[in-house]
Amino acid sequence: MLKLLIVIPAYNEAENIEMVIRELEETVPEYDYVVINDGSADRTAEICREKGFPMLDLPVNLGLTGAFQTGMRYACEKGYDAAIQIDADGQHDPRYIPEMVRVMEEEEADLVIGSRFKTEKKPHTARMAGSTLIEICIKVTTGKRLTDPTSGMRLYGKRVLKQMAYGVNFRPEPDTMAHLIRSGNKVEEIQVTMRERTAGDSYLTIGRSARYMLQMCMDILFIQWVRKKE
């Protein structure tokens, strides 16, 4: 069986973290997990200690990329074959993890993405318009269509795990997905349903979302051409 680590970056998720971990333990007990407490100012770390949840406690807030890369490095150093990123806000349903693993093994994929839109249509919203624009940019530059390029539910296989752990600018974002495709990695998607955040507030305001979409498009169309293929 694939030796898999579930990586859970968490920043100020005291209201959600226990629920997320309990669901993981009930749904996929065969897989290990680790919480990456990203310098939370609330009781996230305290709850993990009280409940005995495996945790790496970062002393300062590094942001999603820093927390994600910490988890990927931990997976590499502990000899895992693959690692999957799961959000700590309850949006990602762990019931899909076994199917993502199956697709990775059967299709010999390097990366499997949980897509909200592989078989479902995108809603007509400003945010989804931005997602579609990123999708087009990736298609134009790589020839590969990713139906949900902004999905954070991604399973990384052994071939790309080390790159994500130690590579420069290998952040968990759509521009990196485009770079991995151009570098010859096989990327697959499966249909998933994502839930609304159960508690707390998302950091993505309308303004931040717009800046993010613009930055991703610029990076995919221009910056990735000067990145070294691994």
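This is a short tour of two helix pairs, two cysteines and two loop residues.

Before you start, note that this is a predicted model, in which local features need pLDDT of at least 70, side-chain atom pairs count only at pLDDT 80 or more, and totals for chains, interfaces and linings use all residues. Residues are numbered from 1 along each chain as its sequence is written, and side-chain values use heavy atoms, with hydrogens and water left out.

**Stop 1: α1 and α2**

Select residues 17–27, helix α1, and residues 44–51, helix α2. Helices (H or I, at least four residues) and strands (E, at least two) are DSSP runs, numbered from the N terminus. The two axes come within 10 Å and cross at roughly 40°. Axes are lines fitted to C-alpha atoms, for helices over the stretch in contact, and angles run from 0 to 180 degrees between N-to-C directions. The crossing makes α1 oblique to α2; angles under 35 degrees count as roughly parallel, over 145 as roughly antiparallel, 65 to 115 as roughly perpendicular and the rest as oblique.

Now show the side chains: I17, E18 and R22 of α1 meet I47, C48 and K51 of α2. Contact here means heavy atoms within 4.5 Å.

**Stop 2: α3 and α6**

Next, pick α3 (residues 63–77) and α6 (residues 158–166), whose axes come within 8 Å and cross at roughly 130°. That makes α3 oblique to α6. On the α3 side, the contact residues include F68, M72 and C76, and on the α6 side they include L161, M164 and Y166.

**Stop 3: two cysteines**

Which cysteine sulfur is nearest to that of C137? Select C217: its sulfur is 3.8 Å away, and C137 is in no disulfide. A disulfide is a pair of cysteine sulfur atoms within 2.5 Å, and the whole structure has 0 of them. Are these two cysteines buried or exposed? C137 counts as buried at 6% relative accessibility, and C217 counts as buried at 6% too. Buried means under 20% relative accessible area, exposed over 50%, and partly exposed in between (1.4 Å probe, protein chains only).

**Stop 4: two loop residues**

Most residues other than glycine have a negative phi. Go to E108, in the loop between α4 (97–107) and β5 (111–115). Phi of E108 is positive, near 50°, and E108 counts as exposed at 65% relative accessibility.

Finish at N169, in the loop between α6 and α7 (174–182). N169 has a positive phi of about 65° although it is not a glycine, and N169 is exposed, with a relative accessible area of 56%.
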